[in-house]
Amino acid sequence: MVTLVEDYLAIRRRLGFALRIQGYQLLRFARFADDIGHRGPLTLQLAVQWARWNAPRPVTWATRIDMLRPFARYRAQFDPATEIPPRNLLGTCHRRLVPHIYSAQEIQSLLAAAAQLLPVGGLRPATYETLFGLLAVTGMRISEALHLTLQDVELEAGIITVRETKFRKSRLIPLHPTTTQALQRYVHLRDTLVPTPPIDDFFLSDGGRRMLQDTVERLFRRLCDQPGWRSRGGHPVPRIQDLRHSFITHCLLRWYQQGINVDNEMLALSTYVGHAEVTYTYWYVTGIPELMAIAARRFEQFAQFAQGDLT
């Protein structure tokens, strides 16, 4: 099964599909199938068995089935005995679990904890503090930040160039002056500790090593565990992706507080965070108490105005 999945991924990637997450999951499925001694085509029994393997949550089962369907359709062209899992076989995966919206105090605590990492005075703590800070104030995807090169970060102009990430789109991210200053401090320390790095990545670990996303996410979870944070969303623990949700939600909150027309600004925000459609940006908005209080006041004003018209 591993060989079949690798062939499928190679063909899809030659057509321009990145399939980073899907590819990782499909290879996990293939290794599972081979490890249990499965032989022959993909079957519904095998799909369900893998979907539930080490996964207590139904949404995970549904997501795994959804990722298997394109591969099964592809294999059915060559092996008619292949069974294509029906859509929603184990429930729907296209539902939004409420993210954890970080408060300003939580983000400050996170950055302070990152700065205390070992080795003291080394590049590692500075890298994590700067990386997490950049994600919090720009809403960038973690993959985008880790793929930045020195040429992508123009500190004199205060602009970051994100090149051909999700949806094959590139974009410019203007930076607040305080963000530029934080990046300048990081570059100064980086150049001092690693004057001739072996790679061109902007963010480096000690010794000039490349930052791996899995490693970053594991350390992020460990830092969130230290202060004993409890998730205020639908996920078991706060996630690094929730920094992106938090950026968009807090941006809307500031606009409402400042009396800015949110509908007029949403397209700019959608472009800034790299969404293909403005509806995706609205999908990221979470009803935190502060936003709900503003919504309640606006509805009360509308109701009073409507009542006045009727009388």
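**Sheet, helix, loops and internal spaces of the predicted model**

Within strand β3, L172 serves as the bridge partner of T161. This pairing belongs to a predicted model, and it offers a convenient point of entry into the small sheet around it. T161 falls in the range of strand β2, which covers residues 159–162 and is joined to β3 by four bridges, the two strands running antiparallel. On the side of β1, two bridges make the connection to β2, again with an antiparallel course, and here V153 is found opposite I160 of β2. Taken together, the three strands form an open sheet in the order β1-β2-β3, with antiparallel pairing. Because β1 (153–154) and β3 (171–174) each have a single partner strand, they stand at the edges, and one side of each is left without a neighbour in the sheet. Strands of a sheet pair through backbone hydrogen bonds, in either a parallel or an antiparallel manner. The hairpin of β1 and β2 has four residues between the strands, and in this hairpin G158 adopts a positive phi near 70°.

Attention then passes to helix α11 (262–273). With twelve residues at 1.5 Å a residue, α11 should span 16 Å, and the end C-alpha atoms are indeed 16 Å apart, so the expected and computed values agree. The buried residues of α11 are V262, M266, L269, S270, Y272 and V273. Since these residues cover an arc of only 155° around the axis, they are placed on the same side of α11. N264 and L267, by contrast, are exposed on the other side of the helix.

Several backbone features were found in the loops. Most residues other than glycine have a negative phi, and most peptide bonds are trans. Against that background, the peptide bond from L118 to P119 is cis, its omega being near 0°, and P119 itself is located in the loop between α5 and α6. A positive phi of about 50° is found at L19, although this residue is not a glycine. L19 lies in the loop that runs between α1 (2–14) and α2 (20–35), and with a relative accessible area of 14% it falls under the 20% limit and is therefore buried. N88, likewise a residue other than glycine, has a positive phi near 60° and is placed in the loop between α4 (58–76) and α5. The relative accessibility of N88 is 45%, so this residue counts as partly exposed.

N88 also appears in the description of the internal spaces. A search of the whole structure yielded two cavities of 30 Å³ or more. The largest cavity has a volume of about 60 Å³ and is lined by eleven residues, of which A62, D66, N88, G91 and C93 lie nearest its centre. Divided by class, this lining comprises four nonpolar, four polar and three charged residues. The second largest cavity holds about 40 Å³ of space, and its lining is made up of L135, M140, R141, I142, I240, Q241, L243 and R244. Five of these lining residues are nonpolar, one is polar and two are charged.

Among the open spaces, the second largest pocket has a volume of about 650 Å³. Its lining consists of 28 residues, with G133, A136, V137, T138 and T179 nearest the centre of the pocket. Two or more residues of this lining come from each of α5 (104–115), α6 (123–138), α8 (177–193), α10 (242–257) and α11 (262–273), so that α11, described above, is one of the contributing helices. The greatest contribution is that of α6, which gives eight residues to the lining of the second largest pocket. By class, the lining of this pocket divides into 17 nonpolar, eight polar and three charged residues.

Note on methods:
Residues numbered from 1 in each chain as written. Predicted model: local features only at pLDDT ≥ 70, side-chain atom pairs only at ≥ 80, totals over all residues. Heavy atoms only, no water. 1 Å grid on protein atoms, 1.4 Å probe; cavity = no way out; pocket = protein on both sides within 12 Å on 5 of 7 lines; lining within 4 Å. Points joined across faces, edges and corners; volume = space filled by probe spheres on them. Nonpolar A, V, L, I, M, F, W, Y, C, P; charged D, E, K, R; others polar. Pairing = 2+ DSSP bridges. Expected span 1.5 Å × (residues − 1). Buried < 20%, exposed > 50% of the residue type's maximum accessible area, 1.4 Å probe, protein only. Arc of directions from axis to C-beta.
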